[in-house]
Structure formats: C-alpha cells, structure tokens
Amino acid sequence: QVQLVESGGGLVQAGGSLRLSCAASGRTFSTYDMGWFRQPPEKEREFVAAIRWSGGSTRYADSVKGRFSISRDNAKNTVYLQMNSLKPEDTAVYYCAAGTNYPIINYNYWGQGTQVTVSS
C-alpha cells in the first residue's frame with residue numbers, strides 16, 4: 001500500500017515557475033514507477049510526465065516538453081515536477097500516481113491532487 005500526498009501548488013503568473021512535490025508513504029516507494037497527471041477545468045485528466053523507478057528514464061507529454069521536468073529522490077520517498085515557463089493553459093489540478101510496468105505504467109495509487117493556477 002502506498003499513500004501519496006502532493007504539495008507545492010498555487011497561483012503564479014504566466015512565465016513563472018512552480019515545483020510540485022509528491023511524498024509517498026511506505027518502504028517500497030523505490031520500486032514504483034511514478035507519474036504526474038493533470039485535470040484542467042471541465043476537461044478530462046491527462047498525462048503530464050512519468051519516471052522509471054530507478055530515475056533512469058523519463059517521458060513527457062508534448063505539451064510540456066522542454067518546460068517541465070520530473071525527478072525523484074528515493075531516499076526521501078518523493079517525486080518532483082519542476083514547472084517552468086508556465087502558461088494559462090497549464091491551469092489544472094495536478095495528481096501524482098504510482099504504478100509499475102514503465103513505460104506503459106499501470107497506476108495503482110493516486111494522490112488527492114494540488115491546484116495550479118496560472119494567470120495571464
């Protein structure tokens with residue numbers, strides 16, 4: 001069982017940066033592949049980024065490539081999403097998730113989400 005808690009969301013102006021964190025409980029965090037998803041207002045949830053359990057491989061949605069960076073610290077049971085050059089269309093609730101079978105990850109655990117609002 002893994003519990004995930006996101007933090008770091010907030011209100012930022014376009015062009016600004018935020019770093020989201022996702023803290024995981026349990027001693028098996030380092031065995032899970034991790035992902036970030038987002039759900040914009042009145043839209044479906046979409047994939048943002050993923051990272052292999054070892055941290056050695058990452059993938060990104062085309063919409064965030066070159067602006068967002070996913071990383072993890074297995075010693076701290078935490079995965080991060082560094083978001084730069086934010087745009088109003090990045091406004092969404094951001095969720096982290098844990099699973100296996102990278103790169104086609106089967107996600108078993110989800111956090112409660114953190115709101116990111118980008119003003120123009």
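The following questions and answers concern a sheet and a buried arginine in a predicted model.

Q: In what order do the strands of the open sheet of 4 strands lie?
A: The pairing within this open sheet is antiparallel. From one strand to the next, the twist averages 15°. Its 4 strands follow the order S1-S3-S8-S7.

Q: Which strands of this sheet are the edge strands?
A: An edge strand here pairs on one side only. That condition is met by strand S1 (4-7) and strand S7 (68-73).

Q: Which residue in S8 is the bridge partner of Ala 23?
A: Strand S3 spans residues 18-24 and strand S8 spans residues 78-83; the two pair in the antiparallel sense over 6 bridges. In S8, Ala 23 has as its bridge partner Thr 78.

Q: Why does Arg 38 count as buried or exposed?
A: Arg 38 belongs to strand S4, residues 33-39. The cut-off for a buried residue is under 20% relative accessible area. Arg 38 counts as buried because its relative accessibility is 4%.

Q: With the side chain of which residue does the side chain of Arg 38 make a polar contact of 2.9 Å?
A: The side chain of Arg 38 is joined to that of Glu 46 by a polar contact of 2.6 Å. Leaving aside neighbours within four places in sequence, Arg 38 is in contact with several residues, including Glu 44, Val 48, Phe 68, Glu 89 and Tyr 94. The polar contact of 2.9 Å is made with the side chain of Asp 90.

Methods. Residues numbered from 1 in each chain as written. Predicted model: local features only at pLDDT ≥ 70, side-chain atom pairs only at ≥ 80, totals over all residues. Heavy atoms only, no water. Pairing = 2+ DSSP bridges. Axes fitted to C-alpha atoms, helices over the stretch in contact; angles between N-to-C directions. Buried < 20%, exposed > 50% of the residue type's maximum accessible area, 1.4 Å probe, protein only. Polar contact = N/O pair within 3.5 Å; in protein donor to acceptor, adjacent residues only side chain to side chain. Contact = heavy atoms within 4.5 Å.
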